[in-house]
Structure formats: structure tokens, C-alpha cells
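Visitor: Could you walk me through this model, with the cut-offs stated as we go?

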Amino acid sequence: MGHLIIANVMAQNTDLDKVWLVVSPQNPFKPSKGLLHEFDRYDLVKAAIADNFKLEVSDVEFHLPKPSYTIHTLAYLTEKYPNKEFKVIIGEDNLENFTKWKNHEQILAQFGLYVYPRPHVTNSDLKRHPQVTIVEAPMIDISATYIRNCIKNNKSIRYLVPETVENMIRMKNFYV
């Protein structure tokens, strides 16, 4: 729900026409062990946003080399959709390590960032960068690890994920 709330805030309260939720097969900063298969995660996102025309799920990174680097994704999207302008949406917690991202200067210069607030983060100098826009949004502190642990321990995840997503997780025995 946290991702959906933020995506909706960005879609409704910025100049973005649409927010694409890009399912990544492999984030270079996170181990892929324990992740659901990318097609299953894609299906979950698709189900979660089915009723919101301002949100779209994308499998663009399924067709790109792994691990998935944002700059490669943006270059591909820019080439494929030359009439569209792309921005990157990240949480304020990712701003602290953004300088470790591959070609982070190019991402800032060519695309820019929309940043949403996150609890418990240290202030970053990048917040003052002209290509960084801080967007007022609710502070959501729901962790995927917490949700997966609830499922493993047969606890309720009601209101933590959309009902359609919960039904898919239960039906396919994900995370048990």
C-alpha cells in the first residue's frame, strides 16, 4: 500500500501524466534471494493498480541486462518513447545513497528526481539540487519484510496490501 499511496500522490500532485511502476528483476543494491519471480511480482502490481488509470506497471527491465541500472532503463525508455519525458521517483532514504547509483550525475542532469519524505532519514545535500523536487506526501513506514513475516507467521495483512493482492498471495502460497 505504501508504494501505491506514493505513486498515486505523485500522479495526482505533480506534473506527471502517468506513473510507471517498474518491476525490477534485480536491484544491484539488494540480493535477489528470497524475491518472488519477476513475473509473479509483475502480476501482483498489475492487480494492485488495475483500477487506477494514472498508474501503469512496466516490465521494461525484464528485457534489459541484469542487474538493472536505472540509467540503462531510462536510456532505453527515452529511445523507445522519444515524445515522453521521464522522471525518477525515489524515497528520501534513497537520496542519501543516490551518489552510489551508476551515472547518478547523468540521471540528475537529464531526468531529475521526485523525492517523497521517509521517516528516520538524515538530511542530504542533494535535497537542494535544482533537479531534485521534494514532493509533499504522507510518510509511510510499511516494510515488505514485515508483510512477508506476517504471511509466514499466518498473521493478517489486511490493509497492508490491496485485497486483490492478498487474495493472489494466499491463493498462490507466496512467502509461506
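The exchange below turns to one helix and then to the nonpolar cores.

Guide: This is a predicted model, in which local features need pLDDT of at least 70 and side-chain atom pairs count only at pLDDT 80 or more, whereas totals for chains, interfaces and linings use all residues. Residues are numbered from 1 along each chain as its sequence is written, and side-chain values use heavy atoms, with hydrogens and water left out.

Visitor: Which residues of helix α7 are buried, and why do they lie on the same side?

Guide: Helices are DSSP runs of H or I with at least four residues, strands are E runs of at least two, and both are numbered from the N terminus. Buried means under 20% relative accessible area, exposed over 50% and partly exposed in between, with a 1.4 Å probe and protein chains only. In α7 (residues 163–171) the buried residues are Val165, Glu166, Met168 and Ile169. They lie on the same side because they cover an arc, taken from the directions from the helix axis to the C-beta atoms, of only 165°.

Visitor: What do the buried residues of α7 pack against?

Guide: The face turned away from the buried side carries the exposed residues Glu163 and Met171. With contact meaning heavy atoms within 4.5 Å, the buried residues pack against α2 (38–49) and α6 (144–152).

Visitor: Which element gives the largest share of the largest nonpolar core?

Guide: Such a core is a set of buried Ala, Val, Leu, Ile, Met, Phe, Trp, Tyr and Cys residues joined through side-chain atoms within 4.5 Å. The largest has 33 residues, with Met10 and Ile169 among those with the most contacts inside it. Elements giving two or more residues include α1 (2–13), α2, α6 and α7, and the largest share, six residues, comes from α1.
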